[in-house]
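Please examine the following model with me. The discussion proceeds by question and reply.

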Amino acid sequence: MKQKMPGRGQRVAPAKAPQIEPRGSSGLVQTWGQINEEQLLRLKGRRAMVEFRSMYDNDAVVGGIMRLATEMISQTEWSVEAAGEDPATDLVAQNLCETALRDMQSTWQEFIDEVMTMGVFGHAFMELWFKKRCVDHELKEFNSRHADGMYGLGGIALRSQESIDRWNIADDGEVLGLFQRPAPSYAVKYIDMQHALLFRTNAARNNPEGRSWLRPGWRSWWLCKRL
């Protein structure tokens, strides 16, 4: 049965039961996975990634500040704490997590460097995959420092912001994944959010692209470049 919408000034009767499902959405402006929150055309999609990359590569102040922020976060001490009600099982899980983070194809420092690109572009989409730990093995899916036969992290790698074609966003605003066109083949690839981590500087409206730290300074940079 179709719900009748209340008219202007008309009172809405209180619900008899708690509302379980949301009725609205985040209101994110997007069309077929293309985010349209930005007002300036040259700061939308891939064009924005090119502009912010140019600021980062060619401006000494911007590059220096971004490098400083990355170095400060890289020097943070990271630790894994056991949690739960079974101490024996919790310690096994803690050890697995700690060793998995140090058994990836890339180092933890490289992981932090790639995550921090979200400051430049507003977001960093990281794909993760797993491997079976079988010590020295010819296949990378099984090659590990450990021989316990458990599954650990194979890697958590950045998927270039410039290679993102569009996002897969549900009607309720949930980010389901992304479509990518990476070099050199530029063939379309799809990565599901169940196999990825999305880091972003701002989660307003659940915008998967966040907001670049460089966005407020873009106009000043554009004017200075043309003086």
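The exchange below concerns the nonpolar cores, a sheet and the cysteines.

This is a predicted model, in which local features need pLDDT of at least 70, side-chain atom pairs count only at pLDDT 80 or more, and totals for chains, interfaces and linings use all residues. Residues are numbered from 1 along each chain as its sequence is written, and side-chain values use heavy atoms, with hydrogens and water left out.

Me: Which elements give two or more residues to the largest nonpolar core?
Reply: A nonpolar core is a set of buried Ala, Val, Leu, Ile, Met, Phe, Trp, Tyr and Cys residues joined through side-chain atoms within 4.5 Å. Of the 13 residues in the largest one, F111, A124, M126, L153 and I156 touch the most other members. The elements giving two or more residues, where helices (H or I, at least four residues) and strands (E, at least two) are DSSP runs numbered from the N terminus, are α4 (108-115), β3 (123-132) and β4 (151-159).

Me: Which residue of β7 is the bridge partner of G177?
Reply: Strands pair if DSSP finds at least two bridges between them. Strand β6 (residues 175-180) is joined to β7 by 4 bridges, and the two run antiparallel. The partner of G177 in β7 is D192.

Me: Is C134 buried, partly exposed or exposed?
Reply: Buried means under 20% relative accessible area, exposed over 50%, and partly exposed in between (1.4 Å probe, protein chains only). Because its relative accessibility is 30%, C134 counts as partly exposed.

Me: How many disulfides does the structure hold?
Reply: A disulfide is a pair of cysteine sulfur atoms within 2.5 Å. For C134, the nearest cysteine sulfur, that of C97, is 20 Å away. The number of disulfides in the structure is 0.
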